[in-house]
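Okay, thanks for coming, everyone. Let me put the structure up, and then I'll talk you through the parts I looked into.

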Amino acid sequence: MSRPVLHKPEQVTAPAELAGAEDPAPRSGSVGEHINSYFTRVRAGDMGSLPAFGGLVVLVAFFWAVHPSFGSLGNLSDLIKQSSPTICLAMGLVFVLLLGEIDLAAGTAAGVCACVMTRLSVGYEVHWSVAILGALGCGIVIGVLTGILCAKVRIPSFVVTLALFLAFQGVSLMIVNNGPGQTGNVSLADSFLGSIYNGQMDAWAGWVVAAVVVLVYAAVKVSTFVRRQRAGLITDPAAVLLVKVGSLAVASAVVVYLLNQNRALNKAGSIANVNGHLVKVPGQKLLGVPWVVLLIVLLFGGLTFLLTRTRYGRHVYATGGNTEAARRAGIPVDRIRISVFVISSFMASIAGILLASNLRGVDANTGGGNTLLLAVGAAVIGGTSLFGGKGRPLDAVIGGLVIAVIANGMSDLVKGANSSAVQFIVTGAVLLLAAAVDALSRRRAGATGAG
Amino acid sequence: MEPVLELRGVNKSFGAVDVLHDVDFSVTPGEVTALVGDNGAGKSTLVKCIGGTYTFDSGEYLFEGQPVTVHTPRDSAALGIEIVYQDLALCDNLDIVQNMFLGRETLSGITLDEVSMEQAARRTLTSLSVRTVKSVRQRVSSLSGGQRQTVAIAKAVLWNSKVVMLDEPTAALGVAQTAQVLDLVRRLADQGLGVLLISHNMNDVLQVADRIGVLYLGRMAAMVKRSDVTQTQLVELITTGRVGGIGLQPATTGANG
């Protein structure tokens, strides 16, 4: 049954027959049509990442205007780094949300993985690679456990992960308070583990990464375009293709250029008075694209490929869209359900590694607090639906940046005692707003019959 | 013409309840065979047994003249029997091509072969003369009820199927859309498929069917040619199990008309 056998293929003349009389032979649609169909989708409630992207631009402009240091080079690099654990968590959560499930334990699972890695490195003095493998393995085990409880035992994921959320806090506490080596607040001494989050690549390496990203994107787009044209199928207009590849090239060039500028606070050097002698203190140098950018790009590319180009990804969307239809189509929905929790927990373990690397250590609260809710917020703000069936890793990236901009901008804007209080309130409000947009666009899609 | 699917004296009971009793039934290629009957007559059970969701307790199940055993939906699909469910079994968030190939995606290497799937979907829709669908890359959520039913039927046809069973395909449709779908049902038969139409709607059945099987309380009351019955007779067959000379006679329980 691998090849469909078609009845009366001789009837097949031109696809135009399908599209109606006024629709001529296969061609690429005009730019105008393309834009038109985009706005039709937007009107029907399928806004994609547009609101999140617009929001990102507005927020950046606002914070920059009221607080010029927000736009400094150092802050740009900080922003990107700060968003990385949230983006990792959120990209994993997208898979769970696609099935209409929730993983409330992802944050504390990240904490457990961070503690496992740190304890392995600090107490047991293992090589950093073993410590990282330990964290990743821990994430996978957690995912399998969660998935089996949800899919096989059939406990609602909300309850399973709420229970695990509590339990994992205890596990983290146990790991940091016991075992060989430091206890309580454990510091990571390993320089590699510390530099995952804090390190930057050389200037040339940043350019290479940007070039590879743009080339891969262009190659994928062009090969799809060519294959569809050859097969006589309708394609996006070539102009749209050019604009997409061009804007990605320009955007990555600008980001890499900015990150390759020296962003050290004291770059000029100074004259200091040491014991009555004037001594020249050399300027500092801090430049390069943070390594986390490469990590996020690779994870994003891999997960996007998995979701959009493989059979597995198709089955995830189908299960999220209509579980019964997926089951009747022979899709192993239980296995799909387990797998999304494995992916979510695996991504959480990477987020945990970043969290530990950021602070060069862990304590019992790593991954706790609002870590998880910020990641859920990131996915939803980016355009992933809480009702299942709709979402992309790109949503997590854009949403994660929005969350980081809010946190970073607010901490500069509101100083003093109420700083973190205001930050909580604003982030909560943004999450509610995004969820409301999701719910309303869903209603709208139902009303117009599109979506 | 030889029937593609034939049942001889099949029985099915759930515990003490006799749902199907010595039922003979057949589906012929190139014809629309309708299956009608009141609620509880056993239509759904018969269809589920053919599809493999349930198994007959006794009796013969022949496919293309050969006795076969169908224990799971997979068995019936392997024979070439496709079922279009009443609740459609389409995913709203996927497009037409994705739905038609759901669970049976064509791959090139490890990636989905979107181009060949889209071409095959187009060809199938074209061969069924479907012109109501603007683009095969439309999401199903943007389609009307009739268009959805069309996609569900086209999905069943895509897979070299020999028998297509349609469970109440027009139940939720308006007048124009019903006409469209019945038109499509007719074309399936014209292409040489055996079509089994399960319906409550007398108008639909009389309009499109070649032969009509009437189930009455688990027995096949009559298997008649469309041209041999009027609507009044058909309604009487459904409600009482007999009309005039045809149907179940009071004395001969278990006999078929």
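Before we get to the strands, one bit of vocabulary: I call two strands paired if DSSP finds at least two bridges between them. And keep in mind that what you see here is a predicted model.

With that in hand, look at strand 9 of chain B, which is joined to strand 10 of chain B by five bridges, the two running parallel. One of the residue pairs there is D167(B), which sits opposite I198(B) in strand 10 of chain B. On strand 6 of chain B, strand 9 (residues 163-167) has another parallel pairing, this time over four bridges. In that pairing I81(B) has V163(B) as its bridge partner, and V84(B) stands opposite L166(B).

So how buried is strand 9 of chain B? Five of its five residues are buried, so the strand is largely enclosed by the rest of the structure. In general, side chains in a regular strand alternate between the two faces of the sheet. Here V163(B), M165(B) and D167(B) point one way, while V164(B) and L166(B) point the other way, and all are buried.

Let's zoom out to the whole sheet. It's an open one, made of six strands of chain B in the order 6-9-10-3-11-12, with mixed pairing. Strand 6 (81-84) and strand 12 (219-225) of chain B are at the edges with a single partner strand each, so each has one side without a neighbour in the sheet. On average, neighbouring strands in this sheet are turned by 20 degrees against each other, ignoring direction.

Now for the helices lying across it. Helix 5 (residues 145-158) of chain B crosses strand 6 and strand 9 of chain B, running at about 170 degrees to strand 6. Helix 6 (residues 175-190) of chain B lies across strand 3 (32-37), strand 9 and strand 10 (194-198) of chain B, at about 150 degrees to strand 10.

There's another open sheet in chain B, with four strands in the order 2-1-4-5 and antiparallel pairing. Its edge strands are strand 2 (17-27) and strand 5 (66-67) of chain B, each pairing on one side only. Strand 5 is held to strand 4 (residues 58-63) of chain B by two bridges, and the two run antiparallel. F63(B) has Q66(B) in strand 5 as its bridge partner.

Helix 1 of chain B lies across strand 1 (5-14) and strand 2 of chain B, at about 65 degrees to strand 2. Within helix 1 (residues 43-51) of chain B, the buried residues are K43(B), T45(B), L46(B), C49(B), I50(B) and G51(B). Just past the end of that helix, G52(B) has a positive phi of about 95 degrees.

How does chain B look overall? There are eight helices and 14 strands in chain B. Of its 257 residues, 52% count as buried. A compact globule with 257 residues would have a radius of gyration near 18 Å, and chain B, at 19 Å, agrees with that. The C-alpha trace of chain B spans about 65 × 40 × 35 Å along its principal axes.

Last stop, chain A. It's divided into domain 1 (47-199 + 300-443) and domain 2 (200-289). The C-alpha centres of those two domains of chain A lie 25 Å apart. Where they touch, five residues of domain 1 of chain A are in contact with six residues of domain 2 of chain A. The domain 1 side of that contact has two nonpolar, three polar and no charged residues.

Terms used. Residues are numbered from 1 along each chain as its sequence is written. Chains are lettered from A and ligands numbered from 1 in the order in which they are written. This is a predicted model: local features need pLDDT of at least 70, side-chain atom pairs count only at pLDDT 80 or more; totals for chains, interfaces and linings use all residues. A residue is buried if 20 or more other C-beta atoms lie within 10 Å of its own, exposed if 12 or fewer, and partly exposed in between; C-beta atoms are placed from the backbone. The radius of gyration is taken over C-alpha atoms; the globule rule is 2.2 Å times the number of residues to the power 0.38. Two residues are in contact if their C-beta atoms, placed from the backbone, lie within 7 Å. Axes are lines fitted to C-alpha atoms, for helices over the stretch in contact, and angles run from 0 to 180 degrees between N-to-C directions. Domain bounds come from an automatic or database domain assignment. Ala, Val, Leu, Ile, Met, Phe, Trp, Tyr, Cys and Pro count as nonpolar, Asp, Glu, Lys and Arg as charged, and the others, Gly among them, as polar.
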